[in-house]
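Trainee: I would like to learn how to read a model of this kind, beginning with a single loop residue and moving on to sheets, core and rings. Could we take the features one at a time?

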Amino acid sequence: MPSQFEATAGSALGVVAAQTGSVTQATSKSTGVTLNTVGGLITMHDAALAAAAEVTFTVTNSKVTAGDVIQANHGSAGTGGTYLVQAHTIADGSFQITVGNVSGSSAGEAIVINYLILKNG
């Protein structure tokens with residue numbers, strides 16, 4: 001069985017390109033997405049998120065199981081420092097991501113969230 005990770009001298013540790021993907025939310029910031037890869041990029045809808053507001057959406061993913069760890073962060077697009085991203089409610093086949101606007105004003109940006117599933121066990 002090939003390794004999920006690859007390590008080469010002088011390069012970063014991570015998943016191989018064949019195990020990553022991308023998806024874009026279709027209709028709103030709370031719209032769920034499906035991406036069946038170990039790592040990936042989720043482009044959020046550009047609807048406004050009020051100051052101090054949060055939104056949660058579900059990621060359906062056949063690679064995740066309840067004991068896994070999901071690393072998620074605001075990767076690109078949008079204003080740095082405006083958003084707090086957290087993955088939670090990890091179950092067999094899905095997890096949720098909550099994005100909070102920690103700025104003092106409304107923000108309507110299609111931010112990109114990076115995620116990686118870390119197998120735990």
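Mentor: We can, keeping in mind throughout that this is a predicted model. Let us begin with Ala47, which sits in the loop that lies between strand S5 (39-43) and S6.

Trainee: Is Ala47 buried, partly exposed or exposed?

Mentor: Buried requires a relative accessible area under 20% and exposed requires over 50%. Ala47 has a relative accessibility of 26%, and therefore counts as partly exposed.

Trainee: Which residues does Ala47 contact, once its neighbours within four places in sequence are left aside?

Mentor: Ala47 is in contact with Lys29, Ala107, Gly108 and Glu109 when those neighbours are set aside. As for its position relative to Thr27, which is 20 residues away along the chain, the two C-alpha atoms are separated by 8.7 Å.

Trainee: Turning to the sheets, what is the strand order in the open sheet that contains S6, and how is it paired?

Mentor: That open sheet has four strands in the order S4-S6-S9-S8, and its pairing is mixed. Strand S4 (33-34) and S8 are at the edges with a single partner strand each, so one side of each has no neighbour in the sheet. Within this sheet, S6 and S9 run antiparallel and are joined by seven bridges, and Thr60 has Ser94 in S9 as its bridge partner.

Trainee: And what is the order of the open sheet that contains S5?

Mentor: There the four strands follow the order S3-S5-S10-S7, again an open sheet with mixed pairing. Its edge strands, strand S3 (20-24) and S7, each pair on one side only, and from one strand to the next the twist averages 20°. The pairing of S3 with S5 is parallel and extends over five bridges, with Thr24 opposite Thr43 in S5.

Trainee: How should I approach the largest nonpolar core, and which of its residues touch the most other members?

Mentor: One way is to look for the residues with many partners inside the core and then ask which elements supply its members. This core has 24 residues, of which Ile42, Phe57, Phe95, Ile97, Val99, Ile113 and Tyr115 touch the most other members. The elements giving two or more residues to it are strand S6 (54-60), strand S7 (69-76), strand S8 (83-91), strand S9 (94-101) and strand S10 (112-118). To take Ile42 as a case, and not counting residues up to four places away in sequence, Ile42 touches Val23, Val33, Phe57, Val59, Ile97, Ile111, Val112, Ile113 and Tyr115.

Trainee: How many aromatic pairs are there, and are Phe95 and Tyr115 buried or exposed?

Mentor: The count is one aromatic pair. The ring centres of Phe95 and Tyr115 lie 5.6 Å apart with the planes at 55°, so this pair is tilted. The pair links distant parts of the chain, as Phe95 belongs to strand S9 and Tyr115 to strand S10, 20 residues apart, and both residues are buried.

Trainee: Finally, where is His74 found, and which backbone oxygen does its side chain reach at 3.4 Å?

Mentor: His74 is in strand S7, and its side chain reaches the backbone oxygen of Ser76 at that distance of 3.4 Å. A polar atom of the His74 side chain also lies 2.6 Å from the backbone oxygen of Ala77. Not counting residues up to four places away in sequence, His74 touches Thr79, Gly80, Tyr83, Val85, Ile111 and Val112.

Conventions. Residues numbered from 1 in each chain as written. Predicted model: local features only at pLDDT ≥ 70, side-chain atom pairs only at ≥ 80, totals over all residues. Heavy atoms only, no water. Core = buried A, V, L, I, M, F, W, Y, C linked by side-chain atoms within 4.5 Å. Buried < 20%, exposed > 50% of the residue type's maximum accessible area, 1.4 Å probe, protein only. Contact = heavy atoms within 4.5 Å. Polar contact = N/O pair within 3.5 Å; in protein donor to acceptor, adjacent residues only side chain to side chain. Pairing = 2+ DSSP bridges. Axes fitted to C-alpha atoms, helices over the stretch in contact; angles between N-to-C directions. Phe/Tyr/Trp six-rings, centres within 6.5 Å; stacked < 30°, edge-to-face > 60°.
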